[in-house]
Amino acid sequence: MSRFDPQEALINTRREFGEHGGVAISVARASTFTVMDSHTMPEIFDGLRGPEKGGCFLYSRHFNPTLDVLSRYLGAMEGTEYGVCTASGMAAISCTLLQICRAGDHIVASDTIYGGTRALLNDLLPSMDIHTTFVNPADTAAFEAAITDKTKVIYTEVLANPTLRLADIRALSVIAKARGLKLVADNTFTPMVISPAQLGADVVVYSLTKFISGASDMLGGAICCSKDFVLELMDLHTGRVMLFGPTMDPRVAFDVSNRLPNLAIRMQEHGRRAMAMAQMLEGHGVEVCYPGLESHPQHALFSEVANEEMGYGGIIAIDCKTNERAQELMNSLQNDESFGLMAVSLGYFDTLMSCSSTSTSSEIPPEDQAKMGLSPGLVRLSIGLTGSLNKRLEQLERAVKKVGLTG
Ligand SMILES: *Cc1c(COP(=O)(O)O)cnc(C)c1O
């Protein structure tokens with residue numbers, strides 16, 4: 001069997017054209033849809049008609065033609081049957097977990113996850129009697145050991161934010177299948193680079209806000225999964241997306257659909273530049289973490305599971321040890337060198353940098369940060385693709401020398 005290729009999968013799925021044969025898809029902005037015959041409407045309500053059953057639409061919080069095209073494209077890119085698009089990444093994550101879990105259920109989750117997801121699992125879900133045990137994402141045995149007879153979900157980010165530890169999705173999926181659990185993987189950091197559904201994840205969730213948007217100009221999320229799970233999420237009586245209503249705007253879906261064709265080359269370029277920078281930094285004795293470096297503890301695993309030609313992703317982490325030193329580095333990179341911008345988020349065309357412990361991971365208490373190996377001086381850089389690479393390397397080199405990070 002030939003290896004999965006997300007670029008080929010994306011172009012080989014049924015292509016949708018716009019009205020009048022437009023090469024771009026049409027934006028269906030209508031909130032409600034009319035029918036030709038009065039009998040059709042009850043059939044839609046009974047689930048006998050739908051987007052894949054004669055092209056009937058009801059109401060845009062349920063299914064919408066533009067959202068449906070994007071959902072299909074994202075599903076194709078992941079190699080899942082289908083998908084659902086949401087208004088944000090957090091909507092995708094919370095609806096997925098609440099669809100699977102009921103009061104009394106238990107989740108085993110990576111301890112190194114996006115701060116909002118951590119808050120959801122640690123602070124919000126316990127009030128609904130859904131409890132989570134957190135484990136080291138690189139320690140597959142720890143996931144297994146934490147499973148109880150109440151566990152329903154194993155949750156992990158494929159590449160952990162911000163420590164860049166890689167979860168072994170194949171090994172976790174073996175455990176999940178043996179115990180009858182759903183493996184949910186957040187692939188926001190590595191779209192097209194790694195395809196978790198191909199490695200055994202049951203549901204792949206995304207923040208489209210990051211690399212997939214690529215321009216930091218929209219919020220969006222996606223759930224890539226089986227057709228059955230889509231129907232559960234959209235069920236008129238119990239569907240979490242249908243009833244909580246975090247629906248994506250069709251105009252946003254149109255924008256995202258236009259960015260998918262160049263996602264692969266953007267990821268390749270983010271990765272090429274991140275690799276060159278990580279190698280330069282390592283050569284100067286800077287404590288840098290990047291999965292493309294042989295010094296990364298899971299370099300071999302990453303190389304084995306990553307899709308061909310897609311590199312190692314666009315995120316690097318520099319450990320400045322102290323928060324003060326991290327601030328100095330970011331100030332120098334932004335204000336002396338114009339290398340990048342101090343901002344949370346990632347996947348922008350310019351470099352974005354933040355000190356995780358006091359920003360996107362600040363929901364995690366300091367003692368837990370220490371446990372997950374998050375240094376107070378860790379600067380996460382989402383490497384951009386603007387400007388000349390040589391100039392960027394010079395800027396970065398000057399800044400790390402200036403703040404005394406070179407060994
Ligand atoms: C940003 C982010 C999210 C949340 O996405 P939003 O679109 O901001 O809701 C979830 N997971 C990861 C890994 C992220 O980086």
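Start with the salt bridges: this predicted model holds 18 of them. To see one up close, select Arg273 and Glu269, which form a salt bridge with their closest N and O atoms 2.7 Å apart. Now show the cartoon around them, and you'll find both in helix α11, which spans residues 263–283. Why do these two line up? They are four residues apart in that helix, so about one helical turn separates Arg273 from Glu269.

**Colour the two domains**

Next, give residues 6–261 one colour and residues 263–402 another; these are domain 1 and domain 2. Their contact takes 39 residues from domain 1 and 43 residues from domain 2. If you place a marker at the C-alpha centre of each domain, the two markers will sit 27 Å apart.

How much area do domain 1 and domain 2 bury between them? It comes to about 3,400 Å², with 63% of it on carbon and sulfur atoms.

**Look across the interface**

Stay where the two domains meet and pick out Arg170 and Glu304. They form a salt bridge, and their closest N and O atoms are 2.8 Å apart. Across the whole interface of domain 1 and domain 2, two salt bridges turn up, along with 15 residue pairs in polar contact.

Now hide domain 2 for a moment and look at the side of domain 1 that touches it. Select α1 (6–12) and α5 (115–124): each supplies at least two residues of that side. Which element gives the largest share? That's α5, with four residues. Try colouring this side of domain 1 by residue class too, and you'll get 20 nonpolar, 12 polar and seven charged residues.

**Zoom in on the ligand**

Bring domain 2 back, then centre the view on the ligand. There are 14 residues around it, and those that come nearest are Met90, Asp186, Ser207, Thr209 and Lys210. Show their side chains as sticks and go through three of them:

- Asp186: an N or O atom in its side chain is 2.7 Å from a nitrogen atom of the ligand.
- Ser207: here a polar side-chain atom lies 2.8 Å from an oxygen atom of the ligand.
- Lys210: look for a polar side-chain atom 2.7 Å from a ligand oxygen atom.

**Two backbone stops to finish**

Leave the ligand and select Asn161 and Pro162. What kind of peptide bond joins them? It's a cis one, with omega at about 0 degrees. Follow the chain either way from Pro162 and you'll see that this residue lies in the loop between β4 (151–157) and α7 (169–179).

For the last stop, jump to Ser216. You'll find this residue in the loop between β6 (203–207) and β7 (221–225). Check its backbone angles: phi is positive, at about 45 degrees, although Ser216 is not a glycine.

Notes. Residues numbered from 1 in each chain as written. Predicted model: local features only at pLDDT ≥ 70, side-chain atom pairs only at ≥ 80, totals over all residues. Heavy atoms only, no water. Domains from an automatic or database assignment. Contact = heavy atoms within 4.5 Å. Buried area = accessible area lost by both parts, 1.4 Å probe. Salt bridge = Lys/Arg side-chain N within 4 Å of Asp/Glu carboxyl O. Polar contact = N/O pair within 3.5 Å; in protein donor to acceptor, adjacent residues only side chain to side chain. Nonpolar A, V, L, I, M, F, W, Y, C, P; charged D, E, K, R; others polar. Near = heavy atom within 4 Å.
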